Amino acid sequence: MVSAVAPKSAPALHREAYQLAVDARDARFDGVFYVGITTTRVYCRPCCPSRMAYHQHRRFFDSAAAAERAGFRPCLRCRPELAPGRGATALAAVPRLAQLATQRIAAGALNGHSVADLAAQLGVSERHLRRSLVREVRVSPLDLARTHRLLLAKRLLVDTDLPVTRVAYASGFQSLRRFNAVFRDQYRMQPSALRRNRPARPSAPDGSLRLTLSYRRPLAWEALINSLPQEGTVAIEGHSGILSVDNSPADEHVVVHIGESLLPVLMPLIAGLRRVFDLDAEPAVIDAHLSAGGLESLVARWPGVRLPGKLETLEGAQPDAFNANRRSLQRAAGAQSARELLAMSERWRPWRAYAAQLLRLSVDSLPFIPTSPRRFSVRLTAASDLDVLVQPVKCGSCRSS
Ligand SMILES: [Zn+2]
């Protein structure tokens, strides 16, 4: 499996596969790597609809941050800021510290806080944290944080009508001046330039923000939302608001309407929602593995099955968690005992939780409720809860985009 944060030689090893993926505009690689065009200094998602440069003019990057570090700016057409994040497969090879740090940075841990603060939270020295990130992700903590901020700002500039000042703060910049300077420096354009020639957007109800969260298809959406509560309360930083979520399968993204009051915690909120809806999963890998493990009929019924997370804490589920003592699972799998089910489940590693979810769905007699927008009320309280929000999911499945 190609990995955006795999050991150093990965790009060279996978270069040929990447070339083919770009030639085929293969959406399975969306968010797995990025391609920089050396003639234009623009970087794209592998599935970019623009005509791609010749092979010799392509450079491959593990992450958007690495492409930006090398002086490339994001394509205005395929919009790298909308790509899904890396799945658990890609993260499996990454040491725990780098995983945790990248997750926390994606959730805004360096917005208004120093690398030393983050290192202290993670219980390591600042130097160790920097070296670990550079070694594993090939960018420094500050570069990574800057890319997350810029890409969120780019997304808000294009997809919302928020004033530029509010875009700057919602993206984690500490001042408008700083935002303008960093944006111009990195993207070689004014922030306002992105607002010209924007495509028409559906208007959001009651002044809420309409944002989209991409995923790799397929997505067993109805099974997913029927496994989540109708409403949830999340606690962070004293902010509260409502959000609604719906799927747009033709566009391969989930549409989220976020109340404006949630703007100050937008970055951790987006990262958390990606975890709760398991949007960074790589179904091509998971479905093929479980099918080969004897679950092909269930995979065919629920292609792209996802693990519902915890809405209250915005945590993701662990991809390999498995409780063989559950009688319903034993029955669904046709096992006579927990021991037999446990032995059977070895074939499903490291995706045993997905197997369990499929088995659960197969015995679930509840009729599926037709898909409709789901509203969750989100109440955010207590300053220290940012830690709760970005709390590591032990499997490392939840590196957010
Ligand atoms: Zn592009």
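**Exercise 1. Place Val 255 in its surroundings.**

Leaving out neighbours within four places in sequence, which residues is Val 255 in contact with?

Solution. Start with the contacts: Val 255 touches Arg 210, Thr 212, Asp 246 and Ser 248 once neighbours within four places in sequence are set aside. Contact here means C-beta atoms, placed from the backbone, within 7 Å. Before going on, note that this is a predicted model, where local features need pLDDT of at least 70, side-chain atom pairs count only at pLDDT 80 or more, and totals for chains, interfaces and linings use all residues. Numbering starts from 1 along each chain as its sequence is written.

Next, find the element: Val 255 sits in strand 7 (residues 253–258). Helices (H or I, at least four residues) and strands (E, at least two) are DSSP runs, numbered from the N terminus. Then look across the chain: the C-alpha atoms of Val 255 and Ser 214 are 8.8 Å apart, with their positions 41 residues apart along the chain. Finally, burial: Val 255 is partly exposed because 17 other C-beta atoms lie within 10 Å. For the cut-offs, 20 or more other C-beta atoms within 10 Å make a residue buried, 12 or fewer make it exposed, and partly exposed is in between, with C-beta atoms placed from the backbone.

**Exercise 2. Work out how helix 5 sits against helix 6.**

Solution. Grab the axes: those of helix 5 (residues 115–122) and helix 6 (residues 126–137) come within 8 Å and cross at roughly 95°. Axes are lines fitted to C-alpha atoms, for helices over the stretch in contact, with angles from 0 to 180 degrees between N-to-C directions. That crossing makes helix 5 roughly perpendicular to helix 6. The classes are under 35 degrees for roughly parallel, over 145 for roughly antiparallel, 65 to 115 for roughly perpendicular, and oblique for the rest.

Now the residues: from helix 5, Val 115, Ala 116, Leu 118, Ala 119 and Leu 122 meet Glu 126, Leu 129 and Arg 130 of helix 6. Sorted by class, this contact has six nonpolar, no polar and two charged residues. Nonpolar covers Ala, Val, Leu, Ile, Met, Phe, Trp, Tyr, Cys and Pro; charged covers Asp, Glu, Lys and Arg; the others, Gly among them, are polar.

**Exercise 3. Lay out the four-stranded sheet.**

Solution. Write down the order: this open sheet runs 3-1-2-4, with mixed pairing. Strand 3 (58–61) and strand 4 (73–74) are at the edges with a single partner strand each, so each has one side without a neighbour in the sheet. Strands pair if DSSP finds at least two bridges between them. Strand 1 (residues 34–37) and strand 2 (residues 42–44) run antiparallel and are joined by three bridges. For one of the pairs, Gly 36 has Tyr 43 in strand 2 as its bridge partner.

**Exercise 4. Spot the unusual backbone.**

Where are the positive phi values of Arg 79 and Asp 278 found, and are these residues buried or partly exposed?

Solution. Take Arg 79: this non-glycine residue has phi of about 55° and lies in the loop between strand 4 and helix 3 (88–91). Arg 79 is partly exposed, with 19 other C-beta atoms within 10 Å. Asp 278, also not a glycine, has phi near 55° and belongs to the loop between helix 11 (266–276) and helix 12 (283–301). Asp 278 counts as buried because it has 27 C-beta neighbours inside 10 Å.

Methods. Two residues are in contact if their C-beta atoms, placed from the backbone, lie within 7 Å.
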